[in-house]
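Here's a quick tour for anyone meeting this structure for the first time. Have a look at it, and then we'll go through one helix and the empty spaces.

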Amino acid sequence: MTRTTRALIDTAAVVANATRARALAPDTNVLACIKGNGYGHGLESVAAALVTHVDGFAVAFIDEAIQVRRSGNGQCDQTPVVVLEGPHHREEMTVAAQLGLTLMICSEQHVEWLEGSPPDRRPDCWLKLDTGMHRLGIQPDNAMQLYARIRTALAERTITPAASTGNTVICTHFSDADNPDPERTETQIQRLLGSTDGMHALRSCANSAGVLAHPSSHMDWVRPGYMLYGGSPLAHRSARECGLKASMSFVAPIIALREIGPGDSVGYGNRWTARRPSVIATIAAGYADGYPRLAADGTNVWIDGQLCPLAGRVSMDMLMVDVTDLPQATEGMLAELWGENISVDYVAKQAGTIGYELLAGLPDRLPRVARDSVDLQQNMQQTTQQSMIESSA
């Protein structure tokens with residue numbers, strides 16, 4: 001591998017963030033969301049790192065759950081795995097039962113598939129209520145009836161999965177938990193509590209924003225996702241303020257330096273024009289590597305302990321940075337596009353999106369490399385300077 005553009009993955013930081021989630025919700029179980037290829041970090045490596053630090057995993061669909069079962073050299077075989085979208089086909093009831101997976105029940109049809117499965121092919125289930133997100137889930141008024149049917153169907157089983165979350169959990173998903181105004185989130189919490197009043201059921205509400213900002217939502221299971229990877233789900237608090245550590249550093253080398261004069265333009269569309277004699281560094285990363293094309297001029301990258309602004313439109317394989325005020329810049333020097341010194345939330349805001357999209361959307365062509373296997377000291381100065389770029393979103 002000659003091109004040194006890569007995502008350096010720090011699984012120790014992922015574990016530290018999971019520990020932070022447990023500290024914030026000490027009386028609950030922790031279901032780590034590792035869908036979307038572990039939010040771009042590599043599902044199998046994240047699962048292997050977290051398996052002894054959390055109480056279970058959450059994925060989007062069956063294929064991701066199968067991938068979890070293959071990870072960790074067998075360590076993840078007995079770990080509960082909740083499939084959040086539930087079954088897409090009746091046959092997935094059998095697959096889930098065979099692999100010891102837990103399926104989210106999101107509709108009456110799902111309940112019918114469970115009841116119609118042979119007693120030895122009925123997996124553990126969670127029941128999702130739609131309390132305001134209006135994406136998946138049953139109406140709260142039907143919770144008691146469908147919960148009873150699920151419990152009856154599971155009581156008739158002839159097998160008990162080894163990897164179990166215990167009793168069927170009733171859950172919901174927040175639509176607005178990152179909002180500083182808690183009204184909508186509290187309304188959803190009360191709808192869940194009201195619809196399950198008198199039921200001896202475990203409950204789960206809290207996503208990352210719920211873990212960080214809504215203690216009343218912690219209940220029996222919390223489901224941290226984005227916060228595990230060092231991003232802040234809150235518009236009004238940075239990851240650093242939330243006590244989270246960046247778990248990915250997206251780095252790429254300078255491959256060219258050129259001097260331009262006042263009035264010269266850089267990049268497609270001539271969007272950026274020099275106002276002074278300038279030095280432009282070309283960096284070997286572009287939107288095909290996952291850096292957002294819509295990042296604005298002036299978006300900072302971190303080179304040799306200094307902030308340097310983006311100059312011109314990001315292209316497919318390269319981007320350009322103004323290093324006029326970094327006279328020591330040389331070809332081969334690594335730039336941090338996001339990571340410890342430039343938060344992914346900051347870059348996302350500069351591109352008009354969210355960090356979730358940047359992490360989960362990283363392409364396969366960007367190599368993921370364990371951070372502790374790479375010596376960056378020859379190429380990039382590390383720093384503990386407190387003026388690191390954080391998201392103000």
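In this predicted model, helix H7 tucks away Ala-143, Leu-146, Tyr-147, Ile-150, Ala-153 and Leu-154 as its buried residues. Looking down the axis of H7, you'll find these buried residues within an arc of 125°, so they line one face of the helix. And what sits over them? The cover includes strands S5 (102-105), S6 (124-128) and S7 (169-171), along with helices H6 (108-116) and H8 (183-195). H7 itself runs over residues 143-155, and its 13 residues reach 18 Å from first C-alpha to last, close to the 18 Å expected.

Now for the empty spaces. The largest pocket takes up about 970 Å³. Its lining counts 40 residues, and Tyr-39, His-173, Asn-207, Ile-354 and Tyr-356 lie nearest the centre. Helices H2 (35-39), H9 (208-213), H10 (344-350) and H11 (355-360) are the elements that each give two or more residues to that lining.

There are also two cavities of 30 Å³ or more. The largest cavity is lined by residues including Lys-128, Asp-130, Arg-135, Thr-172, His-173 and Gln-188. Around the second largest cavity, the lining includes Leu-8, Asp-10, Met-248, Glu-340 and Arg-371.

Here's how the spaces look side by side:

| Space | Volume | Lining residues by class |
|---|---|---|
| Largest pocket | about 970 Å³ | 19 nonpolar, 10 polar, 11 charged |
| Largest cavity | about 50 Å³ | three nonpolar, five polar, three charged |
| Second largest cavity | about 40 Å³ | three nonpolar, three polar, three charged |

Note on methods: Residues numbered from 1 in each chain as written. Predicted model: local features only at pLDDT ≥ 70, side-chain atom pairs only at ≥ 80, totals over all residues. Heavy atoms only, no water. Helix = DSSP H or I, 4+ residues; strand = E, 2+ residues; numbered from the N terminus. Expected span 1.5 Å × (residues − 1). Buried < 20%, exposed > 50% of the residue type's maximum accessible area, 1.4 Å probe, protein only. Arc of directions from axis to C-beta. Contact = heavy atoms within 4.5 Å. 1 Å grid on protein atoms, 1.4 Å probe; cavity = no way out; pocket = protein on both sides within 12 Å on 5 of 7 lines; lining within 4 Å. Points joined across faces, edges and corners; volume = space filled by probe spheres on them. Nonpolar A, V, L, I, M, F, W, Y, C, P; charged D, E, K, R; others polar.
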